[in-house]
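Got the viewer open? Grab your selection tool and follow along, one stop at a time.

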Amino acid sequence: MDTIERAEEKGKEVRRESAGPWLFGSSSPKTQIEEWKSGNSDAQKEMVNVNGDVEITKPVLTAPFRLEGEADGQDYRPPNLLQRVLSLLKNVRPGTDLFHFQLPPVFNIPKSMLQCYGETIYCTSKDLLSECANGETSLDRLISVVAWNLSTLRPIMFGASPYNPILGETHHVSRGTLNVLLEQVSHHPPVSALHATDEKEGIEILWCHHLVPKFNGTSVETVGQGERQLKLLKKGESYFIGHPNLVIRFLPVPGVYWSGNMRIHCPETGLEAQLIFGPHSFLGLKANHKSVKGKILVSSSMKTMYEINGNWDRAVTAKEVTKGNLTVIYEAHEVLSGLQTPILQDPKGMKPTESAIVWAEVSQSILSKCWDKAREAKTTIEEKERKLVKDRKAKGETWVPNHFTVSHSKESGWHCSPNQECVPPAPIVVPLP
């Protein structure tokens with residue numbers, strides 16, 4: 001039987017699980033608890049208290065990113081820029097060790113980067129993945145894959161960022177028959193793995209995210225590295241998808257936008273799409289930062305079949321080269337309006353590594369604008385992680401992910417393979433419209 005106790009000194013509710021299938025697998029609850037206590041992820045070890053009990057905090061789930069100008073009262077709005085700058089200066093003094101410098105919580109949105117990645121998959125108002133799987137021709141399916149890929153580009157707040165996931169942190173959410181699982185498989189450098197499956201539609205998604213920031217004087221450009229695949233299992237097709245870059249510009253006009261070239265190709269059909277995001281003008285002045293242009297072509301002959309044009313936050317069209325027919329393939333407001341906030345459906349199924357639990361106290365403090373409490377909670381998490389890294393190094397231990405097999409080479413970069421064929425249903429679900 002579950003027991004609930006109040007941690008009055010922290011003002012939060014703690015659950016000590018002595019039963020309940022909150023770990024994957026079929027072992028008994030007692031065995032699962034013992035396996036959890038001996039786990040090697042930072043998130044696992046942080047959840048075992050001095051008495052050897054597993055503590056699970058009440059999760060905090062927040063609204064997904066929405067299109068600019070759309071709000072329903074649930075959206076988080078960070079403090080004004082002046083307040084954030086003053087908070088930053090308050091935390092920096094001459095001689096400050098910048099290696100261990102902590103970004104003040106006023107610069108954070110109340111969610112982890114894993115949640116942001118996951119939202120791009122499970123938070124949509126229109127099921128574009130099913131359209132990818134059910135397209136009549138290979139060309140129809142590629143056009144649908146292009147549209148779905150555009151739906152994964154979400155508006156980004158300038159001057160506000162999600163938390164950096166700790167090692168072993170996970171995020172597990174279901175939307176209908178689509179089950180999504182993410183794990184932070186490396187912290188230095190930061191690498192996130194994603195596996196999503198929909199057995200009904202025959203869909204599998206594999207992502208391996210490694211972000212590399214580059215400072216360019218007046219801006220920071222984050223280059224996405226790692227593999228991204230969308231598999232349509234019933235069609236026997238795999239789509240390899242590139243990464244656009246995220247640019248944070250400080251001068252002359254502050255802003256955040258997607259930029260660069262990317263390619264989507266399917267070896268089985270011999271078709272590909274080439275897309276170009278963002279402006280190409282001097283200093284980005286008088287440019288459309290949300291534009292996307294490109295073409296769909298036959299890889300072997302490089303023959304263009306469709307021309308792509310539009311804005312990823314509004315509408316994108318495909319023009320057939322031979323006949324001149326123009327078709328709207330993506331409408332952002334149709335896909336990204338009225339997004340539902342995930343809800344907790346199965347409390348007993350929650351894992352202590354879940355992002356919404358790991359960062360719960362920080363997120364709740366940010367939402368309540370209790371900045372000192374948020375800073376204290378964030379510091380506690382980050383200091384525990386540093387200690388665990390130090391302890392592992394002293395013992396000569398190597399951390400191994402729970403849900404993915406990870407490899408890395410200079411030639412091919414990071415590669416993440418899921419340990420399970422299918423992702424099981426999650427305790428957190430997205431309400432269907």
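In the hairpin of strand 8 and strand 9, which residue takes a positive phi? Select G202: its phi is near 70 degrees, and the hairpin has 4 residues between the strands. Before going on, keep in mind that this is a predicted model.

**Stop one: strand 8 and its partners**

Now colour strand 8, residues 191–198. Is this strand enclosed or open? 8 of its 8 residues are buried, so the rest of the structure largely encloses it. Show the side chains and you'll find cover on both faces: V191, A193, H195 and T197 are buried on one side, and S192, L194, A196 and D198 on the other.

Add strand 7 (residues 178–186), which pairs with strand 8 in the antiparallel sense over 7 bridges. The two are joined by a hairpin of 4 residues. To see the pairing up close, pick S186 and look across to V191 in strand 8, which stands opposite.

Then bring in strand 9, residues 203–215. Strand 8 and strand 9 also run antiparallel, with 8 bridges joining them. Here the residue to click is A196, with I205 of strand 9 opposite.

**Stop two: a visitor from a loop**

Select E421, in the loop between strand 22 (413–418) and strand 23 (428–429). Its relative accessibility is 70%, so E421 counts as exposed. Which residues does E421 touch, leaving aside neighbours within four places in sequence? They are H195, T197 and E204. Draw a C-alpha to C-alpha distance from E421 to H195 and you should get 9.4 Å, for two residues that are 226 apart in sequence.

**Stop three: the aromatic pairs**

There are 2 aromatic pairs to visit. Start with W148 and W207: the ring centres are 6.4 Å apart and the planes stand at 50 degrees, so this pair is tilted. W148 sits in helix 6 (residues 138–151) and W207 in strand 9, so you are looking at a link between distant parts of the chain, 59 residues apart. W148 is buried at 3% relative accessible area, and W207 is buried too, with a relative accessibility of 4%.

Next, jump to Y163 and W359. How do these rings sit? They are stacked, because their centres are 4.5 Å apart and their planes lie at 20 degrees, under the 30 degrees that marks the cut-off for stacking. Y163 belongs to strand 5 (residues 161–163), while W359 is in the loop between helix 8 (355–358) and helix 9 (360–367), so the pair ties together parts that are 196 residues apart in sequence. Both Y163 and W359 are buried.

**Stop four: charges over rings**

Go back to W207 and add R228, whose charged end sits over the W207 ring, 4.8 Å from its centre. For another one, show F65 with K111: K111 lies over the face of F65, at 5.6 Å from the ring centre.

**Last stop: helix 10**

Finish with helix 10, residues 371–395. Put a distance between its first and last C-alpha: these 25 residues reach 36 Å, close to the 36 Å expected at 1.5 Å a residue. Which residues of helix 10 are buried? Select W371, A374, A377, K378, I381, E382, E385, L388 and R392. As you look along them, remember that residues three or four places apart in an α-helix point the same way, because there are 3.6 residues a turn. Step just past the end of helix 10 to G396, which takes a positive phi of about 70 degrees.

How values were computed:
Residues are numbered from 1 along each chain as its sequence is written. This is a predicted model: local features need pLDDT of at least 70, side-chain atom pairs count only at pLDDT 80 or more; totals for chains, interfaces and linings use all residues. Side-chain values use heavy atoms; hydrogens and water are left out. Rings of Phe, Tyr and Trp (its six-membered ring) pair if their centres lie within 6.5 Å; planes under 30 degrees apart count as stacked, over 60 as edge-to-face and the rest as tilted. Buried means under 20% relative accessible area, exposed over 50%, partly exposed in between (1.4 Å probe, protein chains only). A charge sits over a ring if NZ of Lys or CZ of Arg is within 6 Å of the ring centre and within 35 degrees of the ring normal. The expected span of a helix is 1.5 Å times one less than its number of residues. Two strands pair if DSSP finds at least two bridges between them. Contact means heavy atoms within 4.5 Å.
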